[in-house]
Amino acid sequence: MIIAATWESGGLGQAGREVLGAAVRLGAALGDDVAFAALGMAAVDAAAEAGGCGAARAFALEGDYAASGAEGAIASLAELARELEARAVLLAADEQGGEIGPRLAERLSGTAVTHATSVEVADGRLLWTRPVFGGKAFAAVTAHVEPVVATLRRGAFSSAEAMGGAAAVETRQVPVTDGAVELIGSEEPQSGVALEDAAVIVAGGGGLGSGEAFAELEELAGLLGGAVGASLVAVDSGWAAPERQVGLTGKVVSPDLYFAIGISGASQHLAGIGGAKAVVAVNTDPDAPIFNTAKLGVVMDWKKFVPVLIEELRRAAP
Ligand SMILES: Cc1cc2nc3c(=O)[nH]c(=O)nc-3n(C[C@H](O)[C@H](O)[C@H](O)COP(=O)(O)OP(=O)(O)OC[C@H]3O[C@@H](n4cnc5c(N)ncnc54)[C@H](O)[C@@H]3O)c2cc1C
């Protein structure tokens, strides 16, 4: 059995579709069935939808995640993986997947493969591709010890499609934890388009110089139907929220269009944008490394570029 698992709050989200799509193709290559596990407070709808997209079994792992935190998810997925004798558990390489993936692999005495960008079956073994050296190279890896718990890079796997059919949703309650970890607070995530799902990202860096400048990027992103991203320098300076950070220690994104505004192009930032289809860089320094990655480079002060683009987009808007 291949298990695909994601956090859902309603119907099947984009992360769930990608992970399930990967699981369905992997299951077909191995001749294995696929189970989908939706974690979250209202996971039943997503699980039911997964049943129509190739999952032979669908589970809603519901519970008080505010109380149980990651531990509740790890315990319930570990139990499910053992019960179904899973060869692989696939998660999205997002904050939650990144937090529980390696711990789940350890709990199952299996192997963790993080940030996978593809998987194929070679001589009956699972061959994963994942970025190494901050995205400068890709390594093909296989696990000697299964099950594999893999986190899949967002945007690298095509989504599961509706195939008809249905699976009865089996609802289970996540266990309450042993209290080893206590959740002492939580914050609502920023509203708007999630970075991982955005087709357009307008990202700002140290060259912006202030938090107010980010308000202009917000406006530009709004006109383009996109989201605002940031470099570590911008986050450390308090100009952008931490969940906006793109890069090695931030989010890995794969938009169609990525604006890097006042961003130098350090390798740790580039590690997050390898999946972008086109990068447009705006930087006053013609030798900034970002221009080596950019499809379109604008050597200019952002203060001259951004307001003009906003004005033109406003004019073009219906
Ligand atoms: C372990 C580790 C992990 C890291 N993880 C990340 C990560 O996840 N994400 C990340 O981003 N970084 C990360 N970093 C930091 C990274 O090395 C760089 O320091 C950071 O990316 C630099 O951010 P920046 O390019 O925005 O700022 P700067 O290096 O300050 O560059 C600012 C750029 O703006 C340009 N500029 C200045 N004024 C203007 C203007 N008026 N108009 C236009 N351009 C202008 C400058 O020419 C310069 O190129 C990490 C570092 C380490 C060691």
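Before sorting any residues, I wrote down that Ala, Val, Leu, Ile, Met, Phe, Trp, Tyr, Cys and Pro count as nonpolar, Asp, Glu, Lys and Arg as charged, and the others, Gly among them, as polar. I also noted that this is a predicted model, in which local features need pLDDT of at least 70 and side-chain atom pairs count only at pLDDT 80 or more, while totals for chains, interfaces and linings use all residues. Residues are numbered from 1 along each chain as its sequence is written, and side-chain values use heavy atoms, with hydrogens and water left out.

**Ligand**

I looked up the shell around the ligand (residues with a heavy atom within 4 Å of it) and found 25 residues, the closest being Ser231, Gln245, Thr249, Ser264 and Asn283. By class, the shell holds nine nonpolar, 14 polar and two charged residues.

Next I looked for polar contacts to the ligand, which are pairs of N or O atoms within 3.5 Å. A side-chain N or O atom of asparagine 283 lies 2.7 Å from a ligand oxygen, and a polar side-chain atom of histidine 269 is 2.8 Å from an oxygen of the ligand. Valine 246 uses a backbone N or O atom, 2.8 Å from a ligand nitrogen.

I then read that the ligand taken alone exposes 980 Å², of which the protein buries 70%, with areas from the Shrake-Rupley method and a 1.4 Å probe.

**Helix pair**

I checked helix H5 (residues 211–223) against helix H9 (residues 302–316), helices being DSSP runs of H or I with at least four residues and strands runs of E with at least two. Their axes, lines fitted to C-alpha atoms over the stretch in contact, are 10 Å apart at an angle of about 30°. H5 and H9 are therefore roughly parallel, a term for angles under 35 degrees.

**Backbone**

I noted a cis peptide bond between glutamate 146 and proline 147, with omega about 5°. Proline 147 sits in the loop between strand E8 (137–141) and strand E9 (148–152).

Terms used. A polar contact is a pair of N or O atoms within 3.5 Å; within protein, one must be able to donate a hydrogen and the other to accept it, and residues adjacent in sequence count only if both atoms are side-chain atoms. Axes are lines fitted to C-alpha atoms, for helices over the stretch in contact, and angles run from 0 to 180 degrees between N-to-C directions. Angles under 35 degrees count as roughly parallel, over 145 as roughly antiparallel, 65 to 115 as roughly perpendicular and the rest as oblique.
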